[in-house]
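Me: Please take a close look at one part of this model and follow it outward into its surroundings. Keep the sentences short and the numbers explicit.

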Amino acid sequence: MNTKVYLDNAATTPVEEEVINAMVEAMRLNYGNPSSTHSAGQEAKALIEGVRRNVARYLNVQPGEIIFTSCGTESNNLIIKSCVTHLGVERIISSPLEHKCVAEAVRDAKVRKGCEVVYLRPDHNGDISLQQLEEALKGSDKKTLVSLMHANNEIGNILDIEKVGELCKKYGAYFHSDTVQTIGHLDLDFSKINIDFASCSAHKFHGPKGVGFAYIRKTSRIKPVILGGAQERELRAGTENVSGIVGLGKALDLCMTNLDRYANHMKEIKSYTAQKLRETIPGIKFNGHSEDLEKSLYTVLSALLPFKNPLIGLQLDMKGIAISQGSACSSGAAKPSMVMMMILQDDELENTTPLRISFSHHTTKADIDYFVEALQEIYQTSAIEKTNV
């Protein structure tokens, strides 16, 4: 079996050749410590600052508001923990659909710092009610942080962060959004959104793992969580990952330069996948607004298969198909993810299997045809086994 099909791009994306080349050149020629005052160090520093300016240009923010980190998880932890420890946040409004790193940072703020936590309850489509958010915001005078992700990493639902930002401004709350799934895939202008904090991971848009950034609005007066040096505007101590930052910058350049072409290709692939699955698997459903290109991210399609098969990921992997049943951070779990438990009824959880199919601009219709054929074989086998029981 030589066929290899990669459909887990929401977990991570393949690194582009241009990105690898840029990183290798930086490692070979710019090995100086960016904190050193000699020319080798300052050349490395200049590379970092060039990427910082470019990232800031894409988001329409100030370069000093981009703080390089190791990943989205670190960025989210830095933001949430510093808001509680240094900005006097006593109350956090979030949702049960957040990525695990946000959910656990919020839980930690509650347990260790005594923060009040309010969870907005999503509806059966996975939508967060703006009316419910406004009621929560006006229900307390405590200094509040709202932390809601821009696009869900499992079902792809997109939150209207402009309206959330308006509500946060109206009630004097800080607004943090996990934008890991959307930066590099959507054209974001933070100057037009009342957003204080956001996060990014390079490996979600064909950059390297181990590098990301936090957007931190200058007026927030946030302070570092990692101490020991004056790097990153004194907000994140530690020697910068020069080649990784260069890779992040190159990957973002490629994605933003080709944004329309990449997006149109993935929208076509996503629609094609949904159509083929409906034709092949009777009774299949799609979670949240996953099938709706207007309300969900074009990189993600969340299917609900009409049969129970907890081994489906392994079975597809044996056929050369890399795919997941949910978030990569909980891929080893036997029970359904929190997202699925929040939007599905108990009987649906008992008799169905969720499958997250996520695309990149490298995904082809031939990839989808092979995947659908393999899934059909598993489905037919499951139907036969069920009949024989």
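Reply: Start at N60. In this predicted model, N60 comes just after helix α2 and takes a positive phi of about 60 degrees.

Now the helix itself. α2 covers residues 39-59. Its 21 residues reach 30 Å from the first C-alpha to the last, close to the 30 Å expected at 1.5 Å a residue. Its buried residues are G41, A44, I48, E49, V51, R52, N54, V55, A56, Y58 and L59. The list includes the charged-type names E49 and R52. These buried residues pack against four elements: strands β2 (66-69) and β8 (212-216), and helices α7 (231-234) and α8. As for orientation, α2 lies across β2 and β8 and runs at about 120 degrees to β2.

What does α2 lie across, in terms of the sheet? β2 and β8 stand next to each other in an open sheet of seven strands, ordered β2-β8-β7-β6-β5-β3-β4. The pairing in this sheet is mixed. β2 is an edge strand, as is β4 (116-119), and each pairs on one side only. Neighbouring strands here are turned by 20 degrees against each other on average, direction ignored.

Move inward along the strand order. β6 (residues 174-178) and β7 (residues 197-201) pair in the parallel sense, over three bridges. One residue pair to look at is H176 and its bridge partner in β7, F197.

Next, a loop beside this sheet's strand β5. H150 lies between β5 (144-147) and α6 (161-170). Is H150 buried or exposed? Its relative accessible area is 5%, under the 20% cut-off, so H150 counts as buried. The H150 side chain makes a polar contact with the side chain of T182, at 3.0 Å. Beyond neighbours within four places in sequence, H150 touches N157, I158, L159 and I161. Its contacts further include S177, D178, T179, T182, L186 and L188. Of these, S177 and D178 fall within the residue range of β6.

Back to α2, from its other partner side. Helix α1 (residues 17-29) has 13 residues, which should span 18 Å at 1.5 Å a residue; its end C-alpha atoms are 18 Å apart, in agreement. V19, A22, M23 and A26 are its buried residues. Seen down the axis of α1, they fall within an arc of 95 degrees, so they line one face of the helix. That face packs against α2 and α8 (242-257). The face turned away from the buried side carries the exposed residues E17 and R28. α8 therefore meets the buried residues of α2 as well as those of α1, by the contact cut-off of 4.5 Å.

Further along the chain is another sheet. This one is open, has three strands in the order β9-β10-β12, and pairs antiparallel. β9 (285-286) and β12 (353-358) stand at the edges with a single partner strand each, so one side of each has no neighbour in the sheet. Helix α9 (residues 259-280) packs on this sheet and touches β9, β10 and β12. Its direction makes about 10 degrees with that of β10.

β10 covers residues 300-305 and is joined to β9 by two bridges. Across that pairing, K285 stands opposite L304, and F286 has A303 as its bridge partner. Six bridges join β10 to β12, again antiparallel. There, L301 is partnered by I357.

How enclosed is β10? Six of its six residues are buried, so the strand is largely enclosed by the rest of the structure. Its side chains split in two directions: V300, S302 and L304 point one way, while L301, A303 and L305 point the other way.

One last residue is Q380, in helix α13 (residues 365-388). Its relative accessibility is 41%, which means it counts as partly exposed. Q380 and I281 are 99 residues apart in sequence, yet 9.2 Å apart in space, C-alpha to C-alpha.

Terms used
Residues are numbered from 1 along each chain as its sequence is written. This is a predicted model: local features need pLDDT of at least 70, side-chain atom pairs count only at pLDDT 80 or more; totals for chains, interfaces and linings use all residues. Side-chain values use heavy atoms; hydrogens and water are left out. Two strands pair if DSSP finds at least two bridges between them. Axes are lines fitted to C-alpha atoms, for helices over the stretch in contact, and angles run from 0 to 180 degrees between N-to-C directions. The expected span of a helix is 1.5 Å times one less than its number of residues. Buried means under 20% relative accessible area, exposed over 50%, partly exposed in between (1.4 Å probe, protein chains only). The arc is that of the directions from the helix axis to the C-beta atoms. A polar contact is a pair of N or O atoms within 3.5 Å; within protein, one must be able to donate a hydrogen and the other to accept it, and residues adjacent in sequence count only if both atoms are side-chain atoms.
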